[in-house]
Amino acid sequence: MKIFICFLIGFMMQLSGLYGQSKKLLEGWKYHCIDSTRTPLLPERNSGAWCFGIDSGDINGDGYTDIASGKWAYINPGKETESVWQRIVFPIIADALFVYDFDRDGKAEIYAFNCNHQYQLKLNASLNTFDTLLVAALPICNHGISTQGYSKSDITGDGVPELLINNQDNDLYAMQFNKAANKFITYCIAKGQTTDKGLAIGDLDGDGDNDIVTAYKPDNSSEFNGVCWFENPGRITGKWIKHAVTQVKWKVDRVAIAHIDPDRQPEIIITEGRKPPGKDNDASVYILKSPGNPKDSAWVQKVLVNQYSTNSLTAIDFDQDGDMDLITAEHKGISPKLQVWLNDSFGNFTLHIIDEGKENHIGAFPVDIDNDGDYDIVGWGWYNWKDMHLWENQIIKDK
């Protein structure tokens, strides 16, 4: 009995310390709802948002970072984040996945997808609508609209990112901007070997180029619960060799690559998503550690947390102390949590709960909204799709 009481007291002290830190961090944040009137992307479907995209960039060239998500662009009001964000509705039905200034004119373009059609949207001189251009026609049509797996990353080493997409047929595509021709060239990196969920980019084998991590369905499974990576052959048209990493219990939803401890061997972080209704808090966030040779399929699994379906994940140096932290958010549950996991530089994480009760689906996206040098967070939900959330980081104001 004494042993049990000591254990219970110790557990409660740890819990108190954890939530004490969480409360302290929460006090340094301010929540804004920058839009409460979002509608489903496809009007005839009202059981979910039916869009997946979110990205940021300076769309109007004023030096502040704007947001594109779904069929809308949100123009940053500047330092006064509580001011009204101008919402611009796209002239076409399309889901904004990427924002980037490929033409280097100081105003980022939006790249939005609508069932097998990929468009560029460029803010025109009126500053209240977009000029549109069809730039590709890849077979990308998850849920009848776009994709749940996308990343803007440089896999060719030329300093310009490619647009990487998993589609509903488990194919992996790349869109590469050709500056000389002023157009995109498309490539299929893997056919039928991936998932329709997340992907991440990083140099797993230490050869100086970026590889691609995603999920797949193992032969012995009915779930897409296998983790794999594709080895960069050094050129985008080469053969991308697939390496198995490990297998987890449920479907892999989000993935990330990060150096989280001093050994400099990058880890893979993954989250599990649970199929509807997803009422059980049995989805895990895993940290996968390489056995030394990343091509070996004996990666060590470490469970960071068990919780409700977690469909948001970013690896970033959130507190800017030189190590990689994590942002996660629950998609389901009684009161979905927005979480920041701060790294102690040795791969040990302390949980900070930023907010509860606001769902994020491929959200919890870090961005410096007010140009004060720290990361704020934006996001939105699948089921609670009306709101576009902004959590303003006020811990270090105007650093």
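**Exercise 1. Find the bridge partner of Leu338 in E25, and describe the hairpin around that pair.**

Solution. Step 1: in E25, Leu338 has Asp355 as its bridge partner. Strands here are DSSP runs of at least two residues, marked E and numbered from the N terminus.

Step 2: place the strands. Strand E24 (residues 337-343) pairs with E25 in the antiparallel sense, over 7 bridges. Two strands count as paired if DSSP finds at least two bridges between them.

Step 3: check the turn. E24 and E25 form a hairpin with 5 residues between them. Ser345 in the turn has a positive phi of about 85°.

Step 4: ask why E25 is described as largely enclosed by the rest of the structure. Because 6 of the 8 residues of strand E25 (residues 349-356) are buried. Buried means under 20% relative accessible area, exposed over 50%, partly exposed in between (1.4 Å probe, protein chains only).

A note on the model: it is predicted, so local features need pLDDT of at least 70 and side-chain atom pairs count only at pLDDT 80 or more, while totals for chains, interfaces and linings use all residues. Residues are numbered from 1 along each chain as its sequence is written, and side-chain values use heavy atoms, with hydrogens and water left out.

**Exercise 2. Work out the order of the strands in the open sheet of 4 strands, then locate His243.**

Solution. Step 1: the order is E14-E15-E16-E17, with antiparallel pairing. The edge strands are E14 (200-202) and E17, each pairing on one side only.

Step 2: look inside the sheet. Strand E15 (residues 211-216) is joined to strand E16 (residues 226-231) by 5 bridges. Thr214 has Cys228 in E16 as its bridge partner.

Step 3: His243 sits in strand E17 (residues 241-247). His243 is buried, at a relative accessible area of 12%.

Step 4: list its neighbours. His243 touches Val227, Cys228, Trp229, Glu231 and Lys295, leaving out residues up to four places away in sequence. Contact means heavy atoms within 4.5 Å.

Step 5: the side chains of His243 and Glu231 make a polar contact (2.8 Å). That term means a pair of N or O atoms within 3.5 Å; within protein, one must be able to donate a hydrogen and the other to accept it, and residues adjacent in sequence count only if both atoms are side-chain atoms.
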